[in-house]
Amino acid sequence: MVKVYEINGVTPVVDPTAYVHPSAVLIGDVIVGPRCYIGPLAALRGDFGRLILEEGANLQDTCVMHGFPGCDTVVERDGHIGHGAVLHGCRIGRNALVGMNSVIMDNAVVGADSIVAAMSFVRAGMEIPPRSLAMGSPAKVARELRDDEIAWKSGGTAQYQELAIRSMQTMRETEALTAPETDRKRIDWDSSLPLHLHKNASA
């Protein structure tokens, strides 16, 4: 059961097919759609503006979502938010990716099928066109993404959609072992390459 916090009579909504880690914090006007994944220690604080994760989106470990009154902070369908990113009063378009430790500020829009590189700062009001690679601090649009790069992003998001199912089915609190087993099993998973290696492999 997901532990959430009501404020001013407004309670978070979590679709039954979404997975929210028990250490994540959801407060107030938060709406988590179907097949979403919310990772450990994520904070979704809907005590001013509304926060929305549409179907199939993921918000990974230590991410923060927040916004101003009268403002919706939205991750559209299949949006992918990397570890430690901060979203504040912005909109992340369908199938877009925000890289680790990036900050997306108020009224910024990340277009559909775009990638914001890790550790980028997207200033308030910036609009990143669809199918763009943006990077830097402040972020600038570097170029248009290729079809194979967008397919790479979609594949990674599909892994998190599967992780939501796997977490609901198999994750449980338990006691730590004091030593590794003799034939310690590994988690079987199809390999996925980071984008810079994927590009080399597909060249």
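Which helix is Asp-147 found in? The legends below start there and then move through the strands, the rings and a pocket of this predicted model.

**View 1. Asp-147 sits in helix H1.**
Helix H1 covers residues 147–170, and Asp-147 is found in it. Buried or exposed, what about Asp-147? With a relative accessibility of 57%, Asp-147 counts as exposed, because the cut-off for that label is over 50%. For a sense of place, take Gly-93 as a reference: Asp-147 and Gly-93 are 54 residues apart in sequence, and their C-alpha atoms are 17 Å apart in space. Gly-93 comes back in the next view, this time paired up with Val-75.

**View 2. Val-75 is tucked away in strand E8.**
Zoom in on strand E8, residues 72–75, and you'll find Val-75 there. Val-75 comes out at 0% relative accessibility, so it counts as buried. Who touches Val-75? Leaving aside residues up to four places away in sequence, the contacts are Ile-52, Leu-53, Glu-54, Ala-57, Met-65, Ile-81, Leu-87 and Ile-92. Gly-93 is 18 residues from Val-75 along the chain, and 6.5 Å separates their C-alpha atoms.

**View 3. Strand E8 pairs with E5 and with E11.**
Stay with Val-75 and look at the strand pairing around it. E5 and E8 run parallel and are joined by 4 bridges. One bridge partnership here is Leu-53 with Val-75 in E8. E8 also runs parallel to strand E11 (residues 91–92), with 2 bridges between them. There, Val-75 has Ile-92 in E11 as its bridge partner. Both of those bridge partners, Leu-53 and Ile-92, also turn up among the contacts of Val-75. As a reminder of what the pairing involves, strands of a sheet pair through backbone hydrogen bonds, either parallel or antiparallel.

**View 4. Strand E3 has parallel partners in E1 and E5.**
How many of the 8 residues of strand E3 are buried? The count is 6, so to speak a mostly covered strand, spanning residues 25–32. Strand E1 (residues 13–14) runs parallel to E3 and is joined to it by 2 bridges. Val-14 has Val-32 in E3 as its bridge partner. E3 is also joined to strand E5 (residues 43–53), by 7 bridges, and this pair runs parallel too. Val-30 stands opposite Leu-51 in E5.

**View 5. An open sheet of 8 strands, with E2 and E19 at its edges.**
Here is another sheet to trace by eye. Its strand order is E2-E4-E6-E9-E12-E15-E18-E19, and the pairing is mixed. Which strands are the edge strands? They are strand E2 (19–20) and strand E19 (139–144), each of which pairs on one side only.

**View 6. Ala-134 has bridge partners in E15 and E19.**
Now zoom in on the E19 end of that order. Strand E15 (residues 115–116) and E18 run parallel, joined by 2 bridges. Strand E18 (residues 132–136) and E19 run antiparallel, with 5 bridges between them. The E18 to E19 connection is a hairpin through 2 residues. Ala-134, in E18, is the bridge partner of Val-116, and Ala-134 also has Val-141 in E19 as a bridge partner. Leu-133 has Arg-143 in E19 as its bridge partner.

**View 7. Tyr-19 and Tyr-37 make a stacked pair.**
The structure holds 2 aromatic pairs. In one of them, the ring centres of Tyr-19 and Tyr-37 are 5.8 Å apart and the planes are at 20 degrees, so the pair is stacked. Tyr-19 lies in strand E2 and Tyr-37 in strand E4 (residues 37–38), so this pair ties together parts that are 18 residues apart in sequence. Tyr-19 counts as buried at 8% relative accessibility, and Tyr-37 is buried too, with a relative accessible area of 7%. Ring pairs link Tyr-19, Tyr-37 and Tyr-160 into a cluster.

**View 8. The second largest pocket and its lining.**
This pocket has a volume of about 460 Å³. It is lined by 13 residues, and the closest to its centre are Arg-166, Thr-170, Met-171, Lys-185 and Ile-187. What is the lining of the second largest pocket by class? There are 3 nonpolar, 3 polar and 7 charged residues.

Technical notes: Residues numbered from 1 in each chain as written. Predicted model: local features only at pLDDT ≥ 70, side-chain atom pairs only at ≥ 80, totals over all residues. Heavy atoms only, no water. Buried < 20%, exposed > 50% of the residue type's maximum accessible area, 1.4 Å probe, protein only. Pairing = 2+ DSSP bridges. Contact = heavy atoms within 4.5 Å. 1 Å grid on protein atoms, 1.4 Å probe; cavity = no way out; pocket = protein on both sides within 12 Å on 5 of 7 lines; lining within 4 Å. Points joined across faces, edges and corners; volume = space filled by probe spheres on them. Nonpolar A, V, L, I, M, F, W, Y, C, P; charged D, E, K, R; others polar. Phe/Tyr/Trp six-rings, centres within 6.5 Å; stacked < 30°, edge-to-face > 60°.
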